[in-house]
Amino acid sequence: MSNRISLIAGNWKMNTELATARALADGIVERLREAPPKHAEVVLCAPFPFLGLVGERIEGTKLHLGAQTVSEEPSGAFTGEVSVAMLKSVGCEYVIVGHSERRTMFAESDRDVREKANAALDGGLKPIICIGETKIEREDGRAEAVIERQLRTALDGIYEFSARSCVIAYEPVWAIGAGTPATGAQIAEAHAHIRSILQSLYPEAAEEIRVIYGGSVNAANAREILALDNVDGALVGGASIDAEAFVTIVQSV
Ligand code: PGA
């Protein structure tokens, strides 16, 4: 048994508007006030425009604020981009980098992910680094190789001390939004593989780095997934915009 504290992160994606974002944050806060999470750190990754608001609503609670992506540039003429310093200034502690939707729809490469993870760490944000194979890559027997390439590239140049602040999210692309997660055996196998790569990179810090699973985690399957070896939490998409479902997942740790 490790002493890693599980992390449950809600990735709201491009959902909610001002009023619904407020109601969602309030709904989560209220439910967790009645039954505080005993074994989990909880992060709400709200859309950029609502980070300040959600930050205010969770103030004084044990909830943490996160963003869904970040620029690798510190400031300047990058229209539409958001910097690490901006996220810090509104109270973010975490940021998701390399989500598969960013990789596929916004052409983010392994190197971009590394730049973003590095920028986050340099500026004092904890990156939640997403990796995971596509359906075709799995069918071709390349899942392990893809995971290894994405992980090693993202962590290239990150020293052991900073690596402790990283969270790795294993998100098989084919399980995201699919309604059915990867099987327990598939998750356990991928997480063991990730842990062994971390051990080779960071002999001292590997046991402290959390490896969380994402892809169709919901209130009904969370307990089983979170009990698997080497699964230190979950990155939750669809079920994170339903306060009741999200809190049930948090309580499943
Ligand atoms: P999902 O999304 O829970 O809706 O499958 C997970 C994610 O994209 O992080």
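Select helix α7, residues 143-155, which lies across β5 (126-131) and β6 and runs at about 155° to β5. Helices (H or I, at least four residues) and strands (E, at least two) are DSSP runs numbered from the N terminus. Axes are lines fitted to C-alpha atoms, for helices over the stretch in contact, and angles run from 0 to 180 degrees between N-to-C directions. The model is predicted: local features need pLDDT of at least 70 and side-chain atom pairs pLDDT 80 or more, whereas totals for chains, interfaces and linings use all residues. Residues are numbered from 1 along each chain as its sequence is written, and side-chain values use heavy atoms, without hydrogens and water.

Next, select helix α9, residues 184-201, which packs on the sheet and touches β5, β6 and β7 (contact means heavy atoms within 4.5 Å). The direction of α9 makes about 150° with that of β7.

Now display β6 (residues 167-170) and β7 (residues 210-214), which pair in the parallel sense over four bridges; pairing requires at least two DSSP bridges between two strands. Within this pair, A169 has I212 of β7 as its bridge partner.

Extend the selection to strands β1-β2-β3-β4-β5-β6-β7-β8, which form a closed barrel of eight strands with parallel pairing. Neighbouring strands are turned by 25° against each other on average, direction ignored.

Finally, select the ligand. Its surroundings comprise 13 residues (a heavy atom within 4 Å), and the closest are K13, H99, E171, G177 and S216. This shell divides into four nonpolar, seven polar and two charged residues, with Gly counted as polar.

Which distance separates a backbone N or O atom of S216 from an oxygen atom of the ligand? The separation is 2.7 Å. A backbone N or O atom of G237 lies 2.8 Å from a ligand oxygen atom.

Key
A polar contact is a pair of N or O atoms within 3.5 Å; within protein, one must be able to donate a hydrogen and the other to accept it, and residues adjacent in sequence count only if both atoms are side-chain atoms.
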